[in-house]
Structure formats: C-alpha cells, structure tokens
Amino acid sequence: MIKKRVHGIDHVGLTVPDIEKATTFFKKALAGEVIYDTFTKSEPKRDSPETQHRLGISPDMAQRAIRMLGFPNGSQIELFEYDGNEQSPPIRSSDLGWNHVAFYTDDIYATLEAVEDSGGNRLADPKPLSGLEAGDGNLFCYIRTPWGSTLELISYPTSQPYIKEAPREKWQV
C-alpha cells in the first residue's frame with residue numbers, strides 16, 4: 001500500500017487588479033521573480049461557463065492572466081487578474097477567509113522602506129512579537145499593497161521555541 005502524504009503549502013493564489021503593477025510591486029518590495037506565465041493577456045479571455053463553474057466565479061467574470069512569482073527560500077504566489085463587474089474589495093483582517101500572507105525578512109525596517117517606496121503602506125510601525133514568539137529583535141508589522149491586500153512582515157532573529165522542538169528538517173519530506 002502506498003502511503004500518501006501532504007507535503008505542505010505549494011503556493012498562495014492572489015487576485016490583483018493589474019498583474020503587471022502587482023508584479024512590479026512584488027519585485028521591488030519583496031524580491032519576487034516571475035517564474036512563468038500560465039495564461040497571458042495576449043490569449044482570449046477565459047469566460048466559458050465551464051471555467052466560471054470550475055472557479056466558482058459569476059457568469060460576468062473572466063480570467064485575464066495568471067502568473068507565478070517565486071520568492072527567496074522557495075515560497076510562491078500565483079497572481080490572477082480577472083475582468084468583470086462582480087469583484088469585491090480586498091478583505092480586512094476581520095473578514096472571513098485567508099486574510100494575509102507573511103514574508104520573513106532579516107531587516108524589517110529596510111523591507112518596510114522598500115514596500116513604501118514601491119507604493120505599499122504600513123498599517124503601524126513594527127511591534128515586538130509577544131508570548132512564545134517574543135525575543136530580542138523579534139518584530140512584525142502589517143502592510144497594505146497598492147491595491148489594498150494585507151501582508152505581514154515578520155522577523156525573529158531570536159529563535160522560535162517550536163524550532164527547537166520540531167526542527168524544519170522533520171517537517172520536510
């Protein structure tokens with residue numbers, strides 16, 4: 001019998017209003033790189049009933065572009081751009097659903113400066129992590145992308161206790 005295992009998160013999907021502007025933001029602010037385009041604006045819109053059903057989108061929505069971005073240490077974000085009239089604004093932290101993606105950084109202040117230089121904005125200044133995550137230099141802050149999605153910047157140069165208990169090697173397959 002073959003034992004199937006979950007390997008972890010492969011990527012996070014993010015819908016953006018303009019895939020080129022979002023790509024520029026992620027490149028400049030967070031060292032993102034384009035890995036590949038799955039679907040480009042030069043191709044016909046994907047607006048078939050089958051596509052709308054498969055994605056759970058309304059009949060007036062159409063896919064325009066899909067791009068995979070890679071970030072240092074292997075994380076990936078898949079960007080989606082849609083056309084149509086039935087899009088909601090980005091969610092807030094209090095709304096149901098996935099509410100942010102966290103980016104680890106060695107220098108939270110330099111990264112925050114790059115975010116702001118790239119059109120994003122901080123929601124507050126970096127704050128110390130607390131509780132089990134506390135430690136010298138351990139900080140976090142939330143930012144908004146130019147289109148309003150929430151990201152977290154986090155840094156914990158003082159090792160987290162769970163790392164000692166369950167080293168990353170044990171998590172990898």
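**Aromatic pairs and cores in a predicted model**

Student: How many aromatic pairs does the structure hold?

Tutor: This is a predicted model. Its rings were compared by their centres, and pairs have centres within 6.5 Å. The number of aromatic pairs in the structure is nine.

Student: Is the pair of phenylalanine 80 and tyrosine 82 stacked or edge-to-face?

Tutor: The two ring centres are 6.4 Å apart, with 20 degrees between the planes. Planes under 30 degrees apart count as stacked. The pair of phenylalanine 80 and tyrosine 82 is therefore stacked.

Student: What kind of aromatic pair do phenylalanine 140 and tyrosine 142 form?

Tutor: Their centres lie 5.9 Å apart and their planes meet at 85 degrees. Angles over 60 degrees count as edge-to-face. The pair of phenylalanine 140 and tyrosine 142 is edge-to-face.

Student: Which helix or strand gives the most to the largest nonpolar core?

Tutor: The largest nonpolar core has 23 residues, and Phe25, Phe26 and Leu30 are among those with the most contacts inside it. Elements that each supply at least two residues include helix H1 (19-30), helix H3 (108-117) and strand S9 (150-155). With six residues, the one that gives the most is H1.

Student: Is threonine 150 buried or exposed?

Tutor: Threonine 150 lies in strand S9 and touches Ile91, Tyr142 and Ile143, among others. Its relative accessibility is 5%. Buried means under 20%, so threonine 150 is buried.

Student: Which side chain does a polar contact of 3.1 Å join to that of threonine 150?

Tutor: Among the residues that threonine 150 touches are Asn99, His100 and Arg144. The side chain joined to threonine 150 by the 3.1 Å polar contact is that of arginine 144.

How values were computed
Residues numbered from 1 in each chain as written. Predicted model: local features only at pLDDT ≥ 70, side-chain atom pairs only at ≥ 80, totals over all residues. Heavy atoms only, no water. Core = buried A, V, L, I, M, F, W, Y, C linked by side-chain atoms within 4.5 Å. Buried < 20%, exposed > 50% of the residue type's maximum accessible area, 1.4 Å probe, protein only. Helix = DSSP H or I, 4+ residues; strand = E, 2+ residues; numbered from the N terminus. Polar contact = N/O pair within 3.5 Å; in protein donor to acceptor, adjacent residues only side chain to side chain. Contact = heavy atoms within 4.5 Å. Phe/Tyr/Trp six-rings, centres within 6.5 Å; stacked < 30°, edge-to-face > 60°. Lists of a residue's contacts leave out its neighbours within four places in sequence.
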